[in-house]
Amino acid sequence: MARNYLSAIGRGSDEAGRQKLLVDLARQVGSLKRKSGLPAVLLVRQMAFAMEGLVNQLADKPSSLTASALRTLSGAVNLLDTLCAPGLNPRLASDPPVRLLAVDDDAISRGPFR
């Protein structure tokens, strides 16, 4: 269902229409988040929480809906599909521990700590 929303949002030409679709998508993702309270689907809940936040931000300011934001949402939907697969290890995010490296070439984002 989320893919249908993303497709319609991507095809939409007017900001008001895209905003309504984003609000509807946020409602759907929020529903998934509320239904995924069991420990076995904690990863689904965490991803839905993050996706809902992004969709709400975009709904509040539809002019910030870029191709990059749509790709990010599409990636989030793909990840949710993967996380909903039966038999997925519920400790996937913690065993082994996740290690990330963030790189940014913007001096302001790097801050004074080098």
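The questions and answers below look at a pocket and at two buried charged residues in this predicted model.

Q: How much space lies in the largest pocket?
A: Rolling a probe the size of a water molecule over the atoms shows where empty space is left. In the largest pocket of this model, that space comes to about 260 Å³.

Q: Which helices each supply at least two residues of the lining of the largest pocket?
A: The lining includes Met1, Ala2 and Arg3, as well as Gln28, Val29 and Leu32, and also Val77, Leu80 and Asp81. Set against the helix boundaries, which run 2-11, 15-35 and 67-83, the helices that each supply at least two lining residues are helix 1, helix 2 and helix 4.

Q: How many residues of the lining of the largest pocket are nonpolar?
A: Among the residues that line this pocket are Met51 and Cys84. When the lining is divided by residue kind, 1 is polar and 2 are charged, while the number that are nonpolar is 8.

Q: Which side chain of opposite charge is nearest to Arg18?
A: Arg18 is found in helix 2, and a polar atom of its side chain lies 3.5 Å from the backbone oxygen of Ser13. A salt bridge needs the charged atoms to be within 4 Å. Arg18 is buried yet has no salt bridge, since a distance of 4.5 Å separates it from the nearest side chain of opposite charge, that of Glu15.

Q: Is Lys33 buried or exposed?
A: Lys33 is found in helix 2, and its C-alpha atom is separated by 4.9 Å from that of Arg45, 12 residues apart along the chain. Buried means under 20% relative accessible area. Because its relative accessibility is 14%, Lys33 counts as buried.

Note on methods:
Residues are numbered from 1 along each chain as its sequence is written. This is a predicted model: local features need pLDDT of at least 70, side-chain atom pairs count only at pLDDT 80 or more; totals for chains, interfaces and linings use all residues. Side-chain values use heavy atoms; hydrogens and water are left out. On a 1 Å grid over the protein atoms alone, a cavity is a set of points where a 1.4 Å probe fits but cannot get out, and a pocket is an open set with protein on both sides within 12 Å along at least five of seven lines; lining residues have an atom within 4 Å of a point. Grid points are joined across faces, edges and corners, and a volume is the space filled by probe spheres set on the points. Helices (H or I, at least four residues) and strands (E, at least two) are DSSP runs, numbered from the N terminus. Ala, Val, Leu, Ile, Met, Phe, Trp, Tyr, Cys and Pro count as nonpolar, Asp, Glu, Lys and Arg as charged, and the others, Gly among them, as polar. Buried means under 20% relative accessible area, exposed over 50%, partly exposed in between (1.4 Å probe, protein chains only). Lys and Arg count as positive and Asp and Glu as negative; His and the chain ends are not counted. A polar contact is a pair of N or O atoms within 3.5 Å; within protein, one must be able to donate a hydrogen and the other to accept it, and residues adjacent in sequence count only if both atoms are side-chain atoms.
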